[in-house]
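Let's walk through this chain together, starting at one residue and working outward to the whole fold and a few backbone details. Keep the viewer open as you read.

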Amino acid sequence: MSAGLIPPHGGTLVNRIASSAKAEELRAKAADLPKITLSAKQACDLEMIAIGAFSPLTGFVKKADFESICRDMRLAGSGGGTVWPIPITLAVDDAVKATLKTGSQAALHHADGTLLAVMDVEEIYPHDKKLEISNVFRTEDEAHPGVKSVVDEGDWLVGGPVHVITVTPEKEPGEQFTEFRLPPAATRDAFTQRGWRTVAAFQTRNPIHRAHEYLCKCAQEICDGLLIHPLVGETKPGDIPADVRMKCYEVLIEKYFVPERTLLSVMPAAMRYAGPREAILHALVRKNYGCTHFIVGRDHAGPGNDSKGKPFYGPYDAQALMKKHAGELDITMVPFQNMVYVEDRAQYIPEDEVKEGQNVLNISGTEFRRRLQEGLDIPDWFSYPAVVDELRKTHPPRHRQGFTVFFTGLSGSGKSTIANALMVKLMELGGRRVTLLDGDVVRKHLSSELGFTREHRDINILRIGFVASEITKNGGIAICAPIAPYVQTRRQVAEMIRPLGGYLEIHVATPLEVCEQRDRKGLYAKARAGIIKEFTGISDPYDVPQSPDMSIDTQIISPDNAAHRIIVKLESMGFVR
Ligand code: PPS
């Protein structure tokens, strides 16, 4: 900071990034250390710790902090420590745990192999997932993306400080936003340079529309500056990717905000969707970045509805929790009601100021995404033409998106015949390339070394899923026709592909007796005779799909008719026209 400028707000910052000399030392040491490959969320957390955004944390939490954070929302400390709402954990599975030793060190690697840090392994302790999930997320429903992510993590937690070599993986995916990646200390300096004494931060994981502009402008009325601070770490499938959002923010700020009063930079954290507790975390982090005010709108960091269709959090729960801890956060909340557009006034106003008889217009996030996907109108009162244009570049309407039709059913059920008929019809329609990944063909070319154990079948199906996901991502059509007997693996494939385009699961529900009677390849007879082991339906299970997008009984429907029905379904979904 230059002399004479305003001292930055926010207290002491942790810096865990090693000097270049120290980094060399760490690199040499790391070669002999046990290795932990970080998940996307853990890599985000490491970066947040390294740059001081998670100050006062110097590493991944140990048991006393973990329990105290989960139970009391505080770091452990005599008489109650500092407010801290979410444990920043390093979870590992049994196999990794077996390689670690308390009192020793471990090398932390990015998924692409880059060595990121060395960690002092001060504690290894059981991951009390129940304690974390029930307290942090206030629900155990696995439809909650934060809950699901903890459930899927390893059963052990490793605690201790980190010594960070780099936060940038070698294979930069081109979405690193280098020029916008201002760490907390540099952000404080930027505020000081601009002479801002008070700064309001706007946290976002979505594109900014007009209602958000209204919030930001209101905050600018009470603060010297505005920090538009999008979260660019891991988000849930379906959220608009950070690189797309960044383009939207840039065009928006240029056109609609006063550049001298607005700073755009990114926060490299992962979303947890923990609603009220995450609002507190977001506020503490923005205090570390030097902000004095923090905007909290309706349903901050909420993931939407639970598996029964009810919202996980009340719309103002986050504001209530922020209010409760207002005295100890060292950052002032700027709360906002749900903002709605009143047509008669051509203006956004807080929901509770709407008068009887006024015509209120609203487009929910889900409705916005639907319109984007289907190429429908997005009115100017809701968003900005420049932002919508950017979004349309990466969100083509459904008839231009890729999709996968995934057939599942017993051997001899007729999957291949229907898949072939469908392929011909789709090729006749034209417009997109069609690839057929038939069970037998895949087994010959892609999975020739695999047998039919559960493990091998899973590998086979996940390979098919991966290829289909690439085809879908690039706007093509993938038709898959394996047996795919296990529900869990089918779910994994669906989860892999759904965020990238269309996905249709079709159960070819020909009964076992009929398949066995047909026995075109003579495999059922061999399976009954015990010559072929682990044969689906005979000596290996087939999990019948409970809610496929379509079920086809080939005893009643011809292959051509089945393919026609699938085309009609794809038409009704907007994927073909
Ligand atoms: S899986 O479970 O999805 O990996 O199976 P998949 O790759 O689709 O199987 C392809 C064909 O392998 C033949 N086959 C068997 N099927 C099931 N169980 C056993 N043990 C087995 N051994 C060989 C079978 O003919 C499958 O082809 P389809 O086209 O389904 O009849």
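A525 sits in helix α20, which covers residues 523–528. In this predicted model, A525 has a relative accessible area of 47%, so it counts as partly exposed, below the 50% that an exposed residue must pass. If you measure from A525 to G52, you cross 66 Å from C-alpha to C-alpha, and the two are 473 residues apart in sequence.

That distance invites a look at the whole chain. Its C-alpha atoms fill a box of roughly 85 × 65 × 40 Å along the principal axes. The secondary structure comprises 21 helices and 20 strands. The radius of gyration is 27 Å, close to the 25 Å that the globule rule gives for 577 residues, so the chain is as compact as a globular protein of that length. Of the 577 residues, 51% count as buried. Among contacts with a separation of 6 or more, 73% join residues 24 or more positions apart. On the outside, the chain exposes about 25,900 Å², and carbon and sulfur atoms supply 50% of that area. As for charge, there are 69 positive and 73 negative charges, and their mean positions are 2 Å apart.

Now turn to helix α15, residues 415–429. Does its length fit what one would expect, and what is the expected span? At 1.5 Å a residue, its 15 residues should span 21 Å, and the end C-alpha atoms are 21 Å apart, which agrees. Which of its residues are buried? They are K415, I418, A419, A421, L422, M423 and L426. The cover over these buried residues includes the strands β16 (403–408), β17 (434–438), β18 (477–481), β19 (502–508) and β20 (550–552), along with helix α21 (559–573). After α15 comes G430, with a positive phi near 75 degrees.

Just ahead of this helix, S413 is found in the loop between β16 and α15. S413 has 0% relative accessibility, so it counts as buried. Leaving aside residues up to four places away in sequence, S413 touches V508, T510, C515, R518 and T554.

Helix α14, residues 385–394, has its own buried set: A386, V387, V388, E390 and L391. What covers them includes α9 (242–256) and α13 (365–373). Within α9 you will find D243, which is partly exposed at 25% relative accessibility. The C-alpha atoms of D243 and V158 are separated by 32 Å, with their positions 85 residues apart along the chain.

A few backbone details round off the tour. Most residues other than glycine have a negative phi, and most peptide bonds are trans. Against that background, D299 has a positive phi of about 50 degrees although it is not a glycine. A301 has a positive phi too, of about 55 degrees, and is likewise not a glycine. D299 lies in the loop between β11 (293–296) and α11 (317–324), and A301 lies in the loop between β11 and α11 as well. Are these residues buried or partly exposed? D299 is partly exposed, with a relative accessible area of 22%, whereas A301 is buried at 8%. Finally, the peptide bond from S55 to P56 is cis, with omega near 10 degrees; P56 belongs to the loop between α2 (40–50) and β2 (59–60).

Definitions and conventions: Residues numbered from 1 in each chain as written. Predicted model: local features only at pLDDT ≥ 70, side-chain atom pairs only at ≥ 80, totals over all residues. Heavy atoms only, no water. Helix = DSSP H or I, 4+ residues; strand = E, 2+ residues; numbered from the N terminus. Expected span 1.5 Å × (residues − 1). Buried < 20%, exposed > 50% of the residue type's maximum accessible area, 1.4 Å probe, protein only. Contact = heavy atoms within 4.5 Å. Rg over C-alpha atoms; globule rule 2.2 N^0.38 Å. Areas by Shrake-Rupley, 256 points an atom, 1.4 Å probe, with all protein chains shown as cover. Lys, Arg positive; Asp, Glu negative; His and termini not counted. Charge placed at Lys NZ, Arg CZ, Asp CG, Glu CD.
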